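Got a chain up on the screen and want to talk it through? Here is a round of questions and answers to go with it.

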Amino acid sequence: MSWLTPDEDADDPYAEYADLQVRQRPNPKANRPRTKRRPEHADAVTGMITAVDRGRYTALVETGADPQDPRERTVLASRARELRRTPIVIGDRVHLVGDTSGDTGTLSRIVAVEDRRTLLRRSADDSDRIERVMVANADQMLIVVAAANPEPRVRLVDRYLVAAYDAGISPLICITKVDLADPEPFLSHFAALEVPVFRSEPDAWPLAEIRESLAGRTTVFVGHSGVGKSTLINALVPEAERAIGHVNEVTGRGRHTSSSSVALRAATPGAANGAAGWVIDTPGVRSFGLGHVTTEGMLRGFTDLAEIIEGCPRGCTHQDDAPDCELDAAIADGRLDAAGAARVESLRRLLK
Ligand SMILES: Nc1nc2c(ncn2[C@@H]2O[C@H](COP(=O)(O)OP(=O)(O)OP(=O)(O)O)[C@@H](O)[C@H]2O)c(=O)[nH]1
Ligand SMILES: [Zn+2]
């Protein structure tokens with residue numbers, strides 16, 4: 001699968017690679033205490049990155065529990081020179097200095113990026129081990145897939161699942177267009193993974209259920225073109241106005257909004273945990289190179305099997321043909337029941 005996406009940070013497309021490579025070298029200063037923050041940074045405000053466009057970052061600052069809080073504002077920022085090799089992506093929590101009023105024409109400066117809880121990454125392609133960061137601090141990934149038109153592909157959903165598990169993000173599946181085809185045969189491939197599934201069709205959008213799971217969390221939406229992801233996001237976040245339908249192939253027009261990633265606040269009325277949720281739309285991202293993914297990374301999504309795997313011989317691939325894989329022993333001696341065995345099968349498929 002190829003990497004079809006243009007760089008979102010087009011001013012310096014290699015900055016992120018450079019940073020990740022540099023950080024892998026041993027750092028002799030690593031154990032020294034960090035130098036004190038310069039005084040000018042003492043009054044930094046914290047913001048969440050909601051959009052990135054050619055070296056300009058949009059951050060929402062002073063966001064609290066109350067979306068009506070009048071202090072909350074959108075600030076445009078560039079990054080400080082010392083961060084020029086640091087990837088800054090949607091969902092990052094950053095410290096901003098300078099003019100953080102958010103007034104028209106002002107530009108503030110990002111001076112620090114906070115540690116990330118999770119990090120969704122991709123590689124240029126499957127043989128490429130250099131990773132590129134896509135989204136920070138997402139809790140969930142909603143994989144949108146159509147029951148038909150376009151025809152669903154198990155392998156594509158598998159790849160999203162791998163990326164999510166590797167990132168430490170919980171996957172969810174929304175299958176759209178169930179008015180066009182019975183989704184159950186396709187969904188049966190994922191049954192053992194126990195991923196929550198929402199079924200959607202024009203007159204029966206599962207908005208209440210989706211809102212329930214968005215509440216208080218940050219959810220990145222992914223899906224192949226045409227599956228109805230924009231339709232769904234517009235229903236969840238009406239002010240998002242994400243363009244629906246295909247680009248006219250002759251004129252190239254037809255989209256009313258930009259094709260770059262954004263974070264959108266989704267109201268979640270009626271949800272048990274009433275807090276708003278964040279929806280991150282990634283329109284440019286239709287495939288993930290998975291060259292950076294390791295078996296250890298993947299196993300974060302299979303904590304139950306990870307324990308068993310500790311008993312495997314060193315270097316075990318955990319595949320069907322792996323000699324003495326403890327997973328096979330656990331199925332044979334009943335430590336894993338039928339559902340567990342099905343999870344092993346799914347894990348093996350994802351590891352391929
Ligand atoms: N029959 C049917 N059509 C749907 C459904 N959901 C969306 N569509 C249609 O599918 C087409 C594609 O929907 P979009 O929301 O633009 O799909 P997308 O995933 O955002 O695709 P891109 O905009 O190319 O990224 C539109 O014509 C929608 O009206 C559904 O549940 N059933
Ligand atoms: Zn094994």
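Q: What covers the buried residues of α5?
A: Keep in mind that this is a predicted model. Helix α5 spans residues 229-236, and its buried residues are Lys229, Ser230, Leu232, Ile233 and Leu236. They sit on the same side of α5, because the arc they cover around the axis is only 160°. The cover over them includes β8, β9 (170-176), α4 (207-214), β11 (218-223), β12 (262-266) and β13 (277-281).

Q: Which elements are included in what covers the buried residues of α9?
A: Helix α9 takes in residues 338-351, and its 14 residues reach 20 Å from first C-alpha to last, close to the 20 Å expected at 1.5 Å a residue. Arg343, Val344, Ser346, Leu347 and Leu350 are the buried ones in α9. Their arc around the axis is only 165°, so they end up on the same side of α9. Covering them are, among others, α2 (154-167), α6 (295-298), α7 (303-309) and α8 (326-332).

Q: How many helices and strands does the protein chain have?
A: Some context on the chain before the tally: buried residues make up 35% of its 352 residues. Among contacts with a separation of 6 or more, 65% come from residues 24 or more positions apart. As for secondary structure, the count is nine helices and 13 strands.

Q: How do the residues on the side of domain 1 that touches domain 2 divide into nonpolar, polar and charged?
A: The chain is split into domain 1 (15-113), domain 2 (119-281) and domain 3 (297-351). Domain 1 puts 14 residues in contact with 18 residues of domain 2. On the domain 1 side, α1 (15-24) and β1 (45-53) supply at least two residues each. That side breaks down into eight nonpolar, two polar and four charged residues.

Q: Which residues of β2 point to one face and are buried?
A: As a rule, side chains in a regular strand alternate between the two faces of the sheet. Strand β2 (residues 56-61) shows such alternation, with Arg56, Thr58 and Leu60 pointing to one face and not buried. The buried set, pointing to the other face, is Tyr57, Ala59 and Val61.

Q: Which residue stands opposite Val61 in β3?
A: Start on the β1 side: β1 and β2 pair in the antiparallel sense over six bridges, and there Gly47 is the residue opposite Val61. Strand β2 also pairs with β3 (residues 73-79), again antiparallel, over five bridges. In that second pairing, Val61 faces Arg73.

Q: What is the phi of Arg54, in the turn between β1 and β2?
A: Strands β1 and β2 form a hairpin, with two residues between them. Arg54 is in that turn, and its phi is positive, at about 40°.

Q: What is the bridge partner of Arg79 in β5?
A: Strand β5 covers residues 108-113, and β3 pairs with it in the parallel sense over three bridges. Strand β4 (residues 93-98) pairs with β5 too, but in the antiparallel sense and over five bridges. In the β4 pairing Val97 stands opposite Arg109, while for Arg79 the partner in β5 is Ile110.

Q: Is the peptide bond from Asn149 to Pro150 cis or trans?
A: Most peptide bonds are trans, and most residues other than glycine have a negative phi. Pro150 has its place in the loop between β8 (140-146) and α2. Omega for the bond from Asn149 to Pro150 is near 0°, and the bond is cis.

Q: Is Asn149 buried, partly exposed or exposed?
A: Asn149 is in the loop between β8 and α2, and its phi is near 50°, a positive value in a residue other than glycine. A residue needs 20 or more other C-beta atoms within 10 Å to be buried, and 12 or fewer to be exposed. Asn149 has 13 C-beta neighbours inside 10 Å, so the verdict is partly exposed.

Q: Is His318 buried or exposed?
A: His318 lies in the loop between α7 and α8. Its phi is positive, about 65°, although His318 is not a glycine. The cut-off for burial is 20 or more other C-beta atoms within 10 Å. His318 has 21 of them, so it counts as buried.

How values were computed. Residues are numbered from 1 along each chain as its sequence is written. Chains are lettered from A and ligands numbered from 1 in the order in which they are written. This is a predicted model: local features need pLDDT of at least 70, side-chain atom pairs count only at pLDDT 80 or more; totals for chains, interfaces and linings use all residues. Domain bounds come from an automatic or database domain assignment. Two residues are in contact if their C-beta atoms, placed from the backbone, lie within 7 Å. Helices (H or I, at least four residues) and strands (E, at least two) are DSSP runs, numbered from the N terminus. Ala, Val, Leu, Ile, Met, Phe, Trp, Tyr, Cys and Pro count as nonpolar, Asp, Glu, Lys and Arg as charged, and the others, Gly among them, as polar. Two strands pair if DSSP finds at least two bridges between them. The expected span of a helix is 1.5 Å times one less than its number of residues. The arc is that of the directions from the helix axis to the C-beta atoms.
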